[in-house]
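Got the viewer open and a selection box ready? Follow along and we'll hop from one spot to the next.

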Amino acid sequence: MAMEVKMMGRETKIVVAVDESEESMYALSWCLNNFSSKNDQNTNTTLILLYVKPPPSAYSSLDAAGYLFSTDAIGAMEKYANELVHSVMERAEAVYQHSGVKMNVEKKVGTGDAKDVICHTVEKLRADTLVMGSHGYGFFKRTLLGSVSDHCAKNVNCPVVIVKHPKQNRV
């Protein structure tokens, strides 16, 4: 059963955090299937695909062992990051096209710590809903890495939908 997202006479903004993971593409697909109607054009709904690149410090001129990276190596890392953004956005666009849903779509790319960039973007855009995939990390991995979705759920001022991939439900 689809839930139509409508706000009286104003644009509804749904931010979907996407990355290279299968979980984020599943969350996007879930969003399109559950927050829209294939029969109507949702001209008052804007889907914002948000990808966050690692902070530039990840490409600093010194690696962990203290070796100096050449400008060629830094350039290659930047090129790879840009290709990754393009690849993720192409996959997200394919998921959107395959869904048959018609709504306004915007693509945004941020740079920095994912949890901070997502929260800042959601607040800046005054989003109505944030949709994120769950990577399904266990307790120890989540403790070490932190949970981006958990941080966002606690720090944004709109509803947050965290979508678990069906494969995570298996024992």
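Before the first stop, a word on labels: helices here are DSSP runs of at least four residues, numbered from the N terminus. Keep in mind that you're looking at a predicted model.

Start by selecting residues 114–125, which make up helix H3. Its 12 residues reach 16 Å from the first C-alpha to the last, close to the 16 Å expected at 1.5 Å a residue. Now show the side chains of Val117, Ile118, Cys119, Thr121, Val122 and Leu125: these are the buried residues of H3. Then step just past the end of H3 to Arg126, where phi turns positive, at about 55°.

Next, jump to helix H1, residues 22–34, and pick out Leu28. Is Leu28 buried or exposed? Leu28 counts as buried because its relative accessible area is 0%, and the cut-off for buried is under 20%. What does Leu28 touch, once you leave aside its neighbours within four places in sequence? Select Val16, Leu47, Leu49, Ala92 and Val95: Leu28 is in contact with each of them. While you're here, draw a C-alpha to C-alpha distance from Leu28 to Gly133; it should read 8.0 Å, although the two are 105 residues apart in sequence.

Last stop: aromatics. Searching the whole structure turns up one aromatic pair. Select Trp30 and Phe35 to see this edge-to-face pair, with 5.6 Å centre to centre and 80° between the planes. The partners differ in exposure class: Trp30 is partly exposed at 24% relative accessibility, while Phe35 is buried at 10%.

Note on methods: Residues numbered from 1 in each chain as written. Predicted model: local features only at pLDDT ≥ 70, side-chain atom pairs only at ≥ 80, totals over all residues. Heavy atoms only, no water. Helix = DSSP H or I, 4+ residues; strand = E, 2+ residues; numbered from the N terminus. Expected span 1.5 Å × (residues − 1). Buried < 20%, exposed > 50% of the residue type's maximum accessible area, 1.4 Å probe, protein only. Contact = heavy atoms within 4.5 Å. Phe/Tyr/Trp six-rings, centres within 6.5 Å; stacked < 30°, edge-to-face > 60°.
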